[in-house]
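Hi everyone, thanks for coming. Let me put the structure up, and then we'll walk through how it packs together.

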Amino acid sequence: MATTASISSNVLIISSLLFFIVSFLQVSGAQELKGCGFQAIYAFGDSLTDIGNNKGFAERPPYGNTTGKQTGRASDGLLVIDYIAQSAGLPLLNPSEDQSATFQSGANFALSASTVMTNEKKPQDLFKGFVAAGDSLELETERFESHVKSICKDPTGPDCKKKMESSLFFLWMGINDYNYAIADGGKEASPFIKTIEQAKQLKLVPSVVEAIIKGLKTLISYGATQVLVLGLPPYGCSPYFLTPQSKNSSAVYDEHQCLKDYNDYLMYHNIYLQEALGSLQKENPNANIVYGDTYKAMRTILAEHTKYGIEMVSQACCGIGGKYNFTPDYKQLCGQDGVPSCSDPSKHIFFDQLHFSQNMNEKMAGLLIQDILPKLKCKA
Ligand SMILES: *[C@@H]1O[C@H](CO)[C@@H](O)[C@H](O)[C@H]1NC(C)=O
Ligand SMILES: *[C@@H]1O[C@H](CO)[C@@H](O)[C@H](O)[C@H]1NC(C)=O
């Protein structure tokens with residue numbers, strides 16, 4: 001006769017085995033978001049999320065070399081949004097401008113080089129000369145509205161609302177508003193003329209956050225209830241900002257050799273954004289508005305980068321010149337003739353001066369998913 005003791009010890013062994021299997025699945029980035037049952041994902045953003053709408057610099061190799069396909073993604077491979085879609089058990093999204101797509105599982109409206117603010121909102125003296133940056137979040141939400149009208153007979157009717165309610169809305173945007181202000185951002189990627197102090201005086205953060213909230217209100221008016229808004233990562237660690245400041249003898253660096261005042265400024269944006277999202281949540285009790293902390297995720301990776309297979313934290317894989325492999329000159333950017341690429345992008349946080357490697361995107365998405373999963377209130 002089997003004793004109670006041996007039965008319960010078997011149960012214990014099985015349950016610890018299960019525990020190990022479950023924890024293994026979690027660290028290996030399994031489909032944790034699948035339990036949320038998202039039918040579709042609608043994504044909004046800039047080159048960190050654009051999967052082929054504004055093709056341009058990222059259409060040429062070595063962009064896409066790791067996946068073996070040049071799609072317009074600004075990385076050697078996949079982006080954070082791709083890992084979110086995979087985790088949700090959905091196929092990779094289609095770019096909204098893809099005429100041949102059926103958009104069964106949503107659409108990606110992100111536009112490379114886009115700012116949150118519309119042109120008339122941008123302080124013109126800062127943006128003069130930046131021709132490419134005509135796109136804004138407003139253009140993306142307008143395209144979303146036309147998209148809804150094309151897929152629903154009655155865009156405000158119950159059937160369409162039901163589809164929107166079962167979808168995840170993803171928004172990651174804002175870095176370009178600051179890049180162009182602080183960095184001039186001229187077509188020639190010219191060296192920076194504005195200091196962080198000047199950027200602070202312009203009080204840009206409230207305008208950027210206000211434009212994000214306006215965009216979110218449009219999405220909510222179409223029935224969005226599950227909304228994920230990502231904050232900005234510590235870009236004071238990027239070759240784009242580090243390079244021009246390397247000539248500044250009074251520049252202050254933090255423990256990860258990142259520019260302290262740039263990161264503090266982006267953190268200020270993140271705090272301001274979270275407060276605004278809190279108010280939006282109060283006004284919309286039926287929606288679940290979740291903040292995704294990319295700042296924390298990237299700092300976690302910086303602190304223990306070797307654990308994530310990363311050796312180079314601030315040097316671009318693809319690019320040329322200086323300590324950070326970046327020269328602020330259009331003809332010397334990644335993708336241009338004669339500009340070299342490293343042999344293993346996965347060892348770098350940055351693939352080029354601003355955009356992350358596929359490995360970084362995967363690891364950052366993994367940390368984000370762990371962070372947002374309880375807040376999304378999905379089934380386990
Ligand atoms: C990657 O891109 C470079 C251009 O920089 C190209 O010469 C090379 O053949 C590509 N490698 C692979 C494996 O696709
Ligand atoms: C140099 O760094 C200091 C300290 O961060 C900063 O106050 C100053 O504005 C920087 N100078 C320029 C030209 O960016």
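Let's start in the middle. The largest nonpolar core has 102 residues, and the ones with the most contacts inside it are Ile 41, Phe 144, Leu 216, Ile 349 and Phe 356. By nonpolar core I mean a set of buried Ala, Val, Leu, Ile, Met, Phe, Trp, Tyr and Cys residues joined through side-chain atoms within 4.5 Å. Buried is under 20% relative accessible area, exposed is over 50%, and partly exposed is in between, using a 1.4 Å probe and protein chains only. Helix 8 (residues 204-221) gives the most to this core, with 10 residues. There's also a second, separate core of 7 residues, including Tyr 63 and Cys 317.

Quick housekeeping: this is a predicted model, where local features need pLDDT of at least 70 and side-chain atom pairs count only at pLDDT 80 or more, while totals for chains, interfaces and linings use all residues. Residues are numbered from 1 along each chain as its sequence is written, chains are lettered from A and ligands numbered from 1 in the order in which they are written, and side-chain values use heavy atoms, leaving out hydrogens and water.

Zooming out, the chain has 12 helices and 5 strands. Those are DSSP runs numbered from the N terminus: helices are H or I with at least four residues, strands are E with at least two. Of the 380 residues, 54% are buried.

Now, how does helix 4 sit against helix 8? Their axes are 10 Å apart, at an angle of about 5°, which makes the two roughly parallel. Axes here are lines fitted to C-alpha atoms, for helices over the stretch in contact, and angles run from 0 to 180 degrees between N-to-C directions. Under 35 degrees counts as roughly parallel, over 145 as roughly antiparallel, 65 to 115 as roughly perpendicular, and the rest as oblique. Phe 144 is among the helix 4 residues that meet helix 8.

Phe 144 is also one of the helix 4 residues meeting helix 5. Helix 4 (residues 137-151) and helix 5 (residues 158-165) have axes that come within 11 Å and cross at roughly 125°, so this pair is oblique.

Last stop, strand 5. All 5 of its 5 residues, 288-292, are buried, so the strand is largely enclosed by the rest of the structure. Val 290 is on one side and Tyr 291 on the other. Strand 4 (residues 226-230) runs parallel to strand 5, joined by 5 bridges, and Leu 228 has Val 290 as its bridge partner.

Conventions. Pairing = 2+ DSSP bridges. Contact = heavy atoms within 4.5 Å.
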